[in-house]
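Please open the structure in your viewer and keep the selection panel at hand. The tour below goes from stop to stop, saying at each one what to select and what is there.

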Amino acid sequence: MAHFLWLLFLLLSSATACDRCVHRSKASYFSSDSALASGACGYKHLALGLGSGRPAAGGSSLYRQGSGCGACFHIRCKNPKLCTSTGTKVILTDLNPHSQADFVLSSKSFMALAYPSMVRDILKHGIVDVEYKRVPCEYKNQNIAVRVEESSKHPNYLAIKLLYQGGQTEVFGINVSQVSPFFPNSKPVSLPIRFPGRNKPIRSSFQVGNQRWIPMRRNYGAVWDTSNAPTGALDFRFAVTHGLDGKWIWAKSVLPANWKPGQVYDCGVQLTAIKQERSSPCDKGTW
């Protein structure tokens, strides 16, 4: 678990970590939304149904080796002749490896930046100056969910994809455990993370109470996997950034014993936390 502390430090101390601040960059667009549906986050066709159907590719500082997948942003164009001051909201579903623009939007989102009478003009520009800031993702009446990937092989190899991740935070660790026979139907819980010392060895599994927890690894994007999945029905624990530190979100009885690849399972809990930075607040006042 010591590696969680290191990951959390990276997430909180990154030079680009001030999510709540307004940033300036450029945005362009894909003429076809299908380009965003095959992106580096691994959402595939589900990308077009996330964030009100407004997927976007972000630069490496936003993608953050996959931890930025599912993050929501408010973007406004800075050309007053072309664009409204309202802007549009998007969700990160892909990596944009080119440094010319922080965002590559769908054509729908790109056109939403402009006045209705200037839609053709903004498309002709192809790329525009923008300002943006991260905002909480909201999924009304929708819990965070896991989709069991087709590559999973019951019972030992399990690959999952996180969907409908709310709040303004990152998931930087996932553990999986067989459902406790003593508390099979208990409610989800939230617990503060207590990190061990930096010099303690990383274990392949660990015991909490009567449950043995198996760490999963981020395979890529929003996809996590393990080759040592427990048998039976499964609980998950999500390690998420929360405030200035982190906490565990414990989702209980998420997967049945006979879980099936291709199926989506409700975790019974949603993320609502907002990450804070150890720097001067920059989100005071209106934007």
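Begin by selecting Glu149 and Arg147, both of which are buried. This is a predicted model, and in it these two residues form a salt bridge in which the closest N and O atoms are 3.0 Å apart.

Keep Arg147 on display and add Glu150, whose side chain also meets that of Arg147 in a salt bridge, at 2.6 Å from N to O. The two ends of this pair are placed unlike each other in terms of burial, as Glu150 counts as partly exposed because its relative accessibility is 47%, while Arg147 has a relative accessibility of 9% and therefore counts as buried. If you now add Lys161 to the selection, you have the whole of one network, in which salt bridges that share partners join Arg147, Glu149, Glu150 and Lys161.

Next, select strand E7, residues 145-148, and look along it to compare the directions of its side chains. Which residues point one way from E7, and which the other way? Ala145 and Arg147 point one way, whereas Val146 and Val148 point the other way, and all of them are buried. In a regular strand the side chains alternate between the two faces of the sheet.

From E7, move to the strands beside it. Strand E8, residues 158-163, runs antiparallel to E7 and is joined to it by 4 bridges; to see one place where they face each other, select Val148, which stands opposite Ile160 in E8. Then select E17, which also runs antiparallel to E7 and is joined to it by 3 bridges; here Ala145 has Asp266 of E17 as its bridge partner.

Now widen the selection to the sheet to which these strands belong. How many strands does this open sheet have, and what is their order? There are 5, in the order E13-E14-E8-E7-E17, with antiparallel pairing. The edge strands are E13, residues 217-220, and E17, residues 264-266, each of which pairs on one side only. Neighbouring strands of this sheet are turned by 35° against each other on average, with direction ignored.

At the E13 edge, select E13 together with strand E14, residues 223-226, and you will find the two paired in the antiparallel sense over 3 bridges. Within this pair, Tyr220 stands opposite Val223 in E14.

For the next stop, leave this sheet and select Glu131 and Lys78, whose side chains meet in a salt bridge at 3.5 Å from N to O. Glu131 lies in strand E6, residues 127-135, and Lys78 in the loop between strand E3 (72-77) and strand E4 (88-95), so the pair ties together parts that are 53 residues apart in sequence. Glu131 has a relative accessibility of 7% and therefore counts as buried, whereas Lys78, at 40%, counts as partly exposed. The count of salt bridges comes to 9.

Finally, colour the chain by pLDDT, which has a mean of 84 over the chain, with 78% of the residues reaching 70 or more. Select residues 1-17, where pLDDT stays under 50 and for which the model has 42 contacts beyond four places in sequence. Then select residues 194-203, where pLDDT likewise stays under 50 and for which the model has 17 such contacts beyond four places in sequence. Where pLDDT is low, the predicted coordinates should not be read in detail.

Terms used:
Residues are numbered from 1 along each chain as its sequence is written. This is a predicted model: local features need pLDDT of at least 70, side-chain atom pairs count only at pLDDT 80 or more; totals for chains, interfaces and linings use all residues. Side-chain values use heavy atoms; hydrogens and water are left out. pLDDT is the predictor's confidence in each residue, from 0 to 100. Contact means heavy atoms within 4.5 Å. Two strands pair if DSSP finds at least two bridges between them. Axes are lines fitted to C-alpha atoms, for helices over the stretch in contact, and angles run from 0 to 180 degrees between N-to-C directions. A salt bridge is a side-chain nitrogen of Lys or Arg within 4 Å of a carboxyl oxygen of Asp or Glu. Buried means under 20% relative accessible area, exposed over 50%, partly exposed in between (1.4 Å probe, protein chains only).
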